[in-house]
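Biologist: Got a minute to go through this one with me? I'd like to start with a residue and its contacts, then move on to the pocket.

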Amino acid sequence: MAFPKIAVKVTNVTLSPGLQTLIDQKFSSLSKFVPDTATDATCKVEVEKLTEHQSGKIYRVEINLFMFGRTYRAEATEEHVEKAIDVVRDELRVELQSTEGKRQSMIRRGARIVKDFLRFG
């Protein structure tokens, strides 16, 4: 399934078509972690420029992915919007991979129990 439609909220930043395209491209690589059965998946991205600083880590990006009743969340504050988006994408990928590994482990554990039951009664 393709990555769900991304709702973007911006604060103290203008949402240019370039920024929207960048967000879509960066998060489309996570579509392999969204199964076909996730019809209720929604994604919200917030891009904010912190006003109390003029230099340094002034861009904050936050993503919330809602899928199967669970919330996957990542947040980063960096010097450039592009770098913050990359950091958030990597954090979300790690969280999604962890969940996928746990799910596979539970399936294998259940299959192992069924096999033992069938073999030894």
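Modeller: Sure. Contact here means heavy atoms within 4.5 Å, and keep in mind that this is a predicted model.

Biologist: Which residues does Arg60 touch, leaving out those up to four places away in sequence?

Modeller: Arg60 sits in strand E3, residues 59-67. With sequence neighbours up to four places away set aside, its contacts are Glu46, Val47, Glu48, Glu75, Ala76 and Thr77.

Biologist: Is Arg60 buried or exposed?

Modeller: The cut-off for buried is under 20% relative accessible area. Arg60 comes in at 12%, so it counts as buried.

Biologist: Which side chain is joined to that of Arg60 by a polar contact of 3.1 Å?

Modeller: Look across to strand E4, which runs antiparallel to E3, with nine bridges joining the two. E4 covers 70-78. The 3.1 Å polar contact links the Arg60 side chain to that of Glu75.

Biologist: Which residue in the turn between E3 and E4 has a positive phi?

Modeller: The two strands make a hairpin with two residues between them. Met67 stands opposite Arg70 of E4. In the turn, the positive phi, about 55°, belongs to Phe68.

Biologist: And the largest pocket: which element gives the largest share of its lining?

Modeller: That pocket has a volume of about 220 Å³, and its lining includes Met67, Phe68 and Arg70. By type, the lining splits into six nonpolar, one polar and four charged residues. E4 and helix H2 (81-120) each supply at least two of them. The largest share, four residues, comes from H2.

Definitions and conventions. Residues numbered from 1 in each chain as written. Predicted model: local features only at pLDDT ≥ 70, side-chain atom pairs only at ≥ 80, totals over all residues. Heavy atoms only, no water. 1 Å grid on protein atoms, 1.4 Å probe; cavity = no way out; pocket = protein on both sides within 12 Å on 5 of 7 lines; lining within 4 Å. Points joined across faces, edges and corners; volume = space filled by probe spheres on them. Nonpolar A, V, L, I, M, F, W, Y, C, P; charged D, E, K, R; others polar. Buried < 20%, exposed > 50% of the residue type's maximum accessible area, 1.4 Å probe, protein only. Polar contact = N/O pair within 3.5 Å; in protein donor to acceptor, adjacent residues only side chain to side chain. Pairing = 2+ DSSP bridges.
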